[in-house]
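Dear colleague,

Please find below the structure that I am handing over to you. My notes on what was found in it follow directly after.

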Amino acid sequence: MNSPGGDPDSSFKFLLLSRISRSVALIFTNLSVPLFLSLLGYPVIEIGLLFAGMAFFSMMIVLVLGMAGDRIGFKTVLIIAEIPSLIALLVLSFSSNPILLPVAIVIGGVGGTPGAMRGTFSPGLTAYVAKEWDSSSIRQKRIGQISGTGSLAAVGGGLLLAVHSLLLPVFGDVSSYRVLYTASLLLMMISIISLSIISESRSHPRKARIMSSGSARHSLKVMASNAANGAGIGLGISILPLWWKVAYNADPFMIGTTFSLSYLMTGIFSILSSRVRFSNARNALYVASFTRTFQGLAMVAVAFSPFFILSGGLFVARSAVAGFGAPVRSAMNVQGISEGDYGTASSLQGLSMRLSQTTSGASGYLMDAYIPLPEALGGIVQFVGGLIYYGVFRGRYGKGDGST
């Protein structure tokens, strides 16, 4: 599919450049914000509530921009989606205002869920890929390349957190964070410039006011699993950097290095996943559901690990499995969507994930009551999400019809 502005294959490198710079910036920010807020004196319960507000606002952004993408184009939506994070990083770099700082974190989406995919995906991206490439196998390949490259770049975000320890003797604790937030701000500007260069094919005229009934039925199935998965992520992953600090007295260097290793594994296995061709859809479904259930079980093990190295190692293994499963699920999630519905459908699918991540508001209370609780409960809920994914798609893919 060609576009007036150029071939999407030739502009794909600029999309990758955007995801690389975005990943480094947002991964560092999401890892550091709970530690930074704790340093400024915010109690853990308030930090959890801020993350809940961030998830709710992010949910609204995903819904509005995804639906808008079907009408104004996904390239425009991808650019608009970067602006709140840009504003938040500007505030984090230069302001300590007790009102402005929490507001910037909420509207910027720069807190919670510091997984590798957090820096890679944004509203409109999956829809853009689905629109520009027709084949399901090519979509899986492109999504795998994007998530793999972005996840490898996320290693840089983890390393930036580790660099904080090196800057500490020179700038002090708070100022070291601000220097790194300024670097992240510049990276987000590179992401926006790169997105302005990519091409986009013409949109097909819309035949449905919102979306077709077939697309809606398929999206509801995805949303059922996403809701459980997002609830688990909100409980366990949003507060994980601070959780490791409290549970094991881990410092930013230890936390940043562990996340860097996890992102490395996510990236490698995402790229490997992009090269896999399943003989039938049933096998793809097994991988899509099993990888999610494993992630949940691994988080339960993380919660009750007696020392940090074991806890971090289990999280790294979890990230490798997550990296392999994510491109498969993303391709399956858009496979039942009609042309012209990609933006609305992907936004609703993302909406269910973001809305359920407001459980992050409870993570601080849970950790205050019993330290392993948010990780253990989050893992159990994510495990259930994997079972739901298999259950809702078993009728469509369970007999092995079709391929991915």
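Is Ser23 buried or exposed? In this predicted model, Ser23 is buried, because its relative accessible area is 0%, and the cut-off for a buried residue is under 20%. Ser23 sits in helix α1, which covers residues 8-39. Its side chain makes a contact with the backbone oxygen of Arg19, at 2.9 Å.

Arg19 leads on to the charged pairs. There are two salt bridges in the structure. One of them joins Glu82 to Arg19, with 3.7 Å between the closest N and O atoms. This pair links distant parts of the chain, since Glu82 belongs to helix α3 (residues 74-94) and Arg19 to helix α1, 63 residues apart. Glu82 and Arg19 are both buried.

Glu82 also forms a salt bridge with Arg22, at 2.7 Å from N to O. Here Glu82 is in helix α3 and Arg22 in helix α1, so the pair ties together parts of the chain that lie 60 residues apart in sequence. Both of these residues, Glu82 and Arg22, are buried. Through shared partners, the salt bridges join Arg19, Arg22 and Glu82 into one network.

A further position to note is Ala104, which is found in helix α4 (residues 100-108). Ala104 counts as buried because its relative accessibility is 3%. Between the C-alpha atoms of Ala104 and Arg19 there is a separation of 22 Å, and the two residues are 85 residues apart along the chain.

Next, the chain as a whole. The protein chain contains 16 helices and zero strands. Its C-alpha trace spans about 55 × 40 × 35 Å along the principal axes. The radius of gyration is 20 Å, which agrees with the value near 22 Å that a compact globule of 404 residues would have. Of these 404 residues, 59% count as buried.

Helix α8 may serve as an example of a single element. This helix runs over residues 173-195 and has 23 residues. From its first C-alpha to its last, helix α8 reaches 34 Å, close to the 33 Å expected at 1.5 Å a residue. The buried residues of α8 include Tyr177, Arg178, Leu180, Tyr181, Leu185, Met188, Ile192 and Leu195. Several serines also belong to this buried set, namely Ser176, Ser184, Ser191 and Ser194.

Finally, the surface. Which residues make the nonpolar surface patch? The patch is formed by Leu152, Leu261, Leu264, Ile268 and Leu272, and its area is about 370 Å². Helix α11, which covers residues 252-274, gives the most to this nonpolar patch, with four residues. Leu261 is placed in helix α11. With a relative accessibility of 45%, Leu261 counts as partly exposed, because that class lies between the cut-offs of 20% for buried and 50% for exposed.

When you go through the model, you may wish to begin at Glu82, where the salt bridges with Arg19 and Arg22 can be viewed together. From Arg19 you can then turn to Ser23, whose side chain reaches the backbone oxygen of Arg19. The nonpolar patch can be viewed afterwards, starting from helix α11.

With kind regards

How values were computed:
Residues numbered from 1 in each chain as written. Predicted model: local features only at pLDDT ≥ 70, side-chain atom pairs only at ≥ 80, totals over all residues. Heavy atoms only, no water. Patch = residues over 30% accessible without salt bridge, like charges linked within 9 Å, V, L, I, M, F, W, Y side chains within 5 Å. Areas by Shrake-Rupley, 256 points an atom, 1.4 Å probe, with all protein chains shown as cover. Salt bridge = Lys/Arg side-chain N within 4 Å of Asp/Glu carboxyl O. Helix = DSSP H or I, 4+ residues; strand = E, 2+ residues; numbered from the N terminus. Buried < 20%, exposed > 50% of the residue type's maximum accessible area, 1.4 Å probe, protein only. Polar contact = N/O pair within 3.5 Å; in protein donor to acceptor, adjacent residues only side chain to side chain. Expected span 1.5 Å × (residues − 1). Rg over C-alpha atoms; globule rule 2.2 N^0.38 Å.
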